[in-house]
Amino acid sequence: DPDNAHFEHMVGAVKALGAERCFDATDCYIWCDYHSIPQCNEATKALAVSSIALFAACTSHFVACVPETPHVDTTLLCNQDTYLSRGWCRLEQWAFMLANGTDA
């Protein structure tokens with residue numbers, strides 16, 4: 001994300017969620033899938049991807065930050081539709097909802 005589009009979205013989302021749910025945004029931890037999953041070692045990456053549902057289920061809040069921005073490698077447009085088209089992204093949502101309910 002060379003233009004920090006995702007970062008700006010994440011900062012805004014955490015601040016908005018903190019205001020809505022009455023918690024101090026500086027007292028939260030953020031799990032960002034790209035940075036939390038090893039990208040260079042394929043075996044380690046596969047193990048980490050296998051644990052995505054666990055990470056999503058263990059959170060108290062789930063926010064998908066999907067600004068409309070070109071993919072850094074392919075230059076194809078990425079947005080909410082492309083996020084929702086990926087199986088592991090849907091897995092994140094379902095794991096969170098099964099553990100926390102749909103109103104969380």
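Helices (H or I, at least four residues) and strands (E, at least two) are taken here as DSSP runs and are numbered from the N terminus. By this convention, G12 is placed in helix α1 and G87 in helix α6. The structure is a predicted model, in which local features need pLDDT of at least 70 and side-chain atom pairs count only at pLDDT 80 or more, while totals for chains, interfaces and linings use all residues. Residues are numbered from 1 along each chain as its sequence is written, and side-chain values use heavy atoms, with hydrogens and water left out.

Helix α1 was examined for its length and for the side on which it is covered. The expected span of a helix is 1.5 Å times one less than its number of residues; for the 17 residues of α1 this gives 24 Å, and the end C-alpha atoms are 24 Å apart, which agrees. With buried meaning under 20% relative accessible area, exposed over 50%, and partly exposed in between (1.4 Å probe, protein chains only), the buried residues of α1 are V14, L17 and G18. Seen down the helix axis, these buried residues fall within an arc of 100°, so they line one face of α1, the arc being that of the directions from the helix axis to the C-beta atoms. On the other side of α1, the residues E8, K15, A19 and E20 are exposed. G12, which belongs to α1, is partly exposed, with a relative accessible area of 36%.

The two ends of α1 are accompanied by residues with positive phi. Most residues other than glycine have a negative phi. N4, in the segment before α1, has a positive phi of about 60° although it is not a glycine, and N4 is partly exposed, with a relative accessible area of 40%. C22 takes a positive phi of about 60° just after α1, in the loop between α1 and α2; C22 is not a glycine either, and it is exposed at a relative accessible area of 72%.

Helix α6, residues 87–100, has 14 residues that should span 20 Å at 1.5 Å a residue, and its end C-alpha atoms are 20 Å apart, which agrees. Its buried residues are C89, E92, A95 and F96. They cover an arc of only 125° around the axis, which puts them on the same side of α6. These buried residues pack against α2 (33–36), α4 (52–57) and α5 (80–84), where contact means heavy atoms within 4.5 Å. The face of α6 turned away from its buried side carries the exposed residues G87, W94 and L98, and for G87 the relative accessible area is 52%. Just after α6, G101 takes a positive phi of about 90°. Between residues of α1 and α6, the C-alpha atoms of G12 and F96 are separated by 21 Å, with their positions 84 residues apart along the chain, while G87 and F7, 80 residues apart in sequence, lie 23 Å apart in space, C-alpha to C-alpha.Pockets were then located on a 1 Å grid over the protein atoms alone, a pocket being an open set of points where a 1.4 Å probe fits, with protein on both sides within 12 Å along at least five of seven lines, and lining residues having an atom within 4 Å of a point. Grid points are joined across faces, edges and corners, and a volume is the space filled by probe spheres set on the points. The largest pocket has a volume of about 1,700 Å³ and is lined by 48 residues, of which H6, C32, D33, Y34 and C65 lie nearest its centre. At least two residues of this lining come from each of α1 (5–21), α2, α3 (42–50), α4, β1 (69–70), α5 and α6, and α1 gives the most, with six residues. The lining of the largest pocket divides into 30 nonpolar, 11 polar and seven charged residues, where Ala, Val, Leu, Ile, Met, Phe, Trp, Tyr, Cys and Pro count as nonpolar, Asp, Glu, Lys and Arg as charged, and the others, Gly among them, as polar.

The second largest pocket holds about 170 Å³ of space, and its lining includes L17, R21, F96, M97 and G101. The elements that give two or more residues to this lining are α1 and α6, with α6 giving the most, at three residues. By class, the lining of the second largest pocket has six nonpolar, four polar and one charged residues.
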